[in-house]
Amino acid sequence: MIKRLNWRVATLVSTRQETPTARTLVFDVPGWPGHLPGQHVDVRLTAPDGYSTQRSYSIANASSEDRLELTVQTVGDGEVSPYLTEVLEPGDQIELRGPVGGWFVWRPHSSPPVLLVGGGSGIVPLMAMVRSRGKSDTPFRLLYSLRDPGQLFYADELEKVMAGVEVAYLYTRIAPPDAGRAAGRLQAADLIAYGWPPETAPDVYVCGPTGFVEAAADLLTGLGHDPAKIRTERFGPTGG
Amino acid sequence: MDYQDGNALAGPLSEIFTLDVTVAQGTCAGCGLRGPLAGLHVYGAAPGLVARCPGCEEVVLTLVRGPKDVWLDMRGAVSLRIPVTE
């Protein structure tokens, strides 16, 4: 009999509203072993009648002792996300398992330039990478595709100029007047203008809804990026 | 139909493997494509997951978590190459 359930109890400490439908939850997790940026946790909720359900969420913060941050977007008919974004209050507890996932991670000692391509709440694990970069010499470029300015996560933090991190906002529906780019979906021209050329052999991380990830990965390989250097994380139908 | 990456297998598989198996290179029994389990297309949600080959969409593995056991069917994988360190 194997006993490796390793679920931990996490206590909500505080929250930050990112958009009207998304918030960051800061948890205290005693004994948290730390994590690599890009890893995720499985969150398990159990009702008083014993019914239990779980979902995966990307970790948003850089590794920190006993501290874990998740940014959760409400999925309208979701079973778990509305509870996390609207109901859970400081002092409340949930169960979580992790950190898990060793594939979609950036290891801060790696040296090639990094290209991050995020769609919507796909920004979350990419932000963990940006936050983990610290004073590293590795140059980062982040392409952040979002519907309109109201959907922007981490606005205050991204606004500050971070040396070595270039951020391009790609609005798909409504662009602010000073955007310098008409609203529209991610195109090859965006990757050429704001990404790294394939010759620089960047480590590429793409995260977002399935359709966005497929399109971005196809555009990147079409431009000559090595498919083996492109790591993806898709949100499936169970994101709720 | 919408799917997730094999990254989603990391949590459920951590229950039965000590190493993170999503970084292991698998070979598809259907088409011979090699790649990390993290690159598989995963359908469904825990407790029942079906992972298909991104090349030919054949089922590589299924994982079902029951109340008393975990049932892992890997008939679609010829082999798993698992990176280890000394």
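**Close-up views of a predicted two-chain model**

**Figure 1. Salt bridge between Arg181(A) and Asp190(A).** The side chains of Arg181(A) and Asp190(A) form a salt bridge, with 2.8 Å from N to O. Arg181(A) and Asp190(A) are both buried, because each has under 20% relative accessible area. The model shown here and in the other panels is predicted. Over all chains, the structure contains 14 salt bridges.

**Figure 2. Six-stranded sheet of chain A.** In chain A, 6 strands make up an open sheet with antiparallel pairing. The strand order across this sheet is 4-3-6-1-2-5. Its edges are strand 4 (52-58) and strand 5 (67-73) of chain A, each of which pairs on one side only. From one strand to the next, the twist averages 40°. Strands of a sheet pair through backbone hydrogen bonds, in either a parallel or an antiparallel sense.

**Figure 3. Pairing of strand 1 with strand 2 in chain A.** Strand 1 (residues 8-19) of chain A runs antiparallel to strand 2 (residues 22-28) of chain A. The two strands are joined by 7 bridges. Which residue of strand 2 stands opposite Arg16(A)? The residue is Thr24(A).

**Figure 4. Salt bridge between Arg16(A) and Glu69(A).** The side chains of Arg16(A) and Glu69(A) meet at 2.8 Å, N to O, in a salt bridge. Arg16(A) belongs to strand 1 of chain A and Glu69(A) to strand 5 of chain A, so that the salt bridge links distant parts of the chain, 53 residues apart. Is each partner buried or exposed by the cut-offs used? Arg16(A) has a relative accessible area of 36% and is therefore partly exposed, whereas Glu69(A), at 13%, counts as buried.

**Figure 5. Salt bridge between Glu166(A) and Arg141(A).** Glu166(A) and Arg141(A) form a salt bridge in which the closest N and O atoms are 3.4 Å apart. Glu166(A) is in strand 9 (residues 165-171) of chain A and Arg141(A) is in strand 8 (residues 140-146) of chain A, so the pair ties together parts 25 residues apart in sequence. The relative accessible area of Glu166(A) is 45%, which means that this residue is partly exposed. Arg141(A) has a relative accessible area of 18% and is therefore buried.

**Figure 6. Helix 2 of chain A and the residue that follows.** Helix 2 (residues 123-133) of chain A is mostly covered, with 11 of its 11 residues buried. The buried residues of this helix include the nonpolar-named positions Ile123(A), Val124(A), Leu126(A), Met127(A), Met129(A) and Val130(A). Arg131(A), Ser132(A) and Arg133(A) are also among the buried residues of helix 2. Just after the helix, Gly134(A) adopts a positive phi of about 55°.

**Figure 7. Surroundings of Gln39(A).** Gln39(A) is located in the loop between strand 2 and strand 3 (40-46) of chain A. The relative accessible area of Gln39(A) is 10%, so this residue is buried. The C-alpha atoms of Gln39(A) and Tyr57(A) are 8.8 Å apart in space. In sequence, Gln39(A) and Tyr57(A) are 18 residues apart.

**Figure 8. Salt-bridge network with residues from chains A and B.** Salt bridges link Asp42(A), Arg97(A), Glu15(B) and Arg65(B) in a network. Side chains of opposite charge can pair when their charged atoms come close. For the complex, the predictor gives an ipTM of 0.83 and a pTM of 0.92.

**Figure 9. Five-stranded sheet of chain B.** An open sheet of 5 strands is formed in chain B, with antiparallel pairing and the order 1-4-5-6-7. Strand 1 (4-5) and strand 7 (70-73) of chain B are the edge strands, and each pairs on one side only. Strand 1 of chain B pairs with strand 4 (residues 41-43) of chain B over 2 bridges, in the antiparallel sense. Within strand 4 of chain B, His41(B) is the residue opposite Asp5(B). Chain B has a mean pLDDT of 91, and 99% of its residues reach 70 or more.

**Figure 10. Nonpolar surface patch on chain B.** Leu19(B), Ile82(B) and Val84(B) make a nonpolar surface patch of about 280 Å². Leu19(B) lies in the loop between helix 1 (10-14) and strand 2 (25-28) of chain B. Why does Leu19(B) count as partly exposed? Its relative accessibility is 46%, and partly exposed residues are those between the cut-offs of 20% and 50%.

Definitions and conventions:
Residues numbered from 1 in each chain as written. Chains lettered and ligands numbered in written order. Predicted model: local features only at pLDDT ≥ 70, side-chain atom pairs only at ≥ 80, totals over all residues. Heavy atoms only, no water. Patch = residues over 30% accessible without salt bridge, like charges linked within 9 Å, V, L, I, M, F, W, Y side chains within 5 Å. Areas by Shrake-Rupley, 256 points an atom, 1.4 Å probe, with all protein chains shown as cover. Salt bridge = Lys/Arg side-chain N within 4 Å of Asp/Glu carboxyl O. Helix = DSSP H or I, 4+ residues; strand = E, 2+ residues; numbered from the N terminus. Buried < 20%, exposed > 50% of the residue type's maximum accessible area, 1.4 Å probe, protein only. Pairing = 2+ DSSP bridges. Axes fitted to C-alpha atoms, helices over the stretch in contact; angles between N-to-C directions. pLDDT = per-residue confidence, 0-100.
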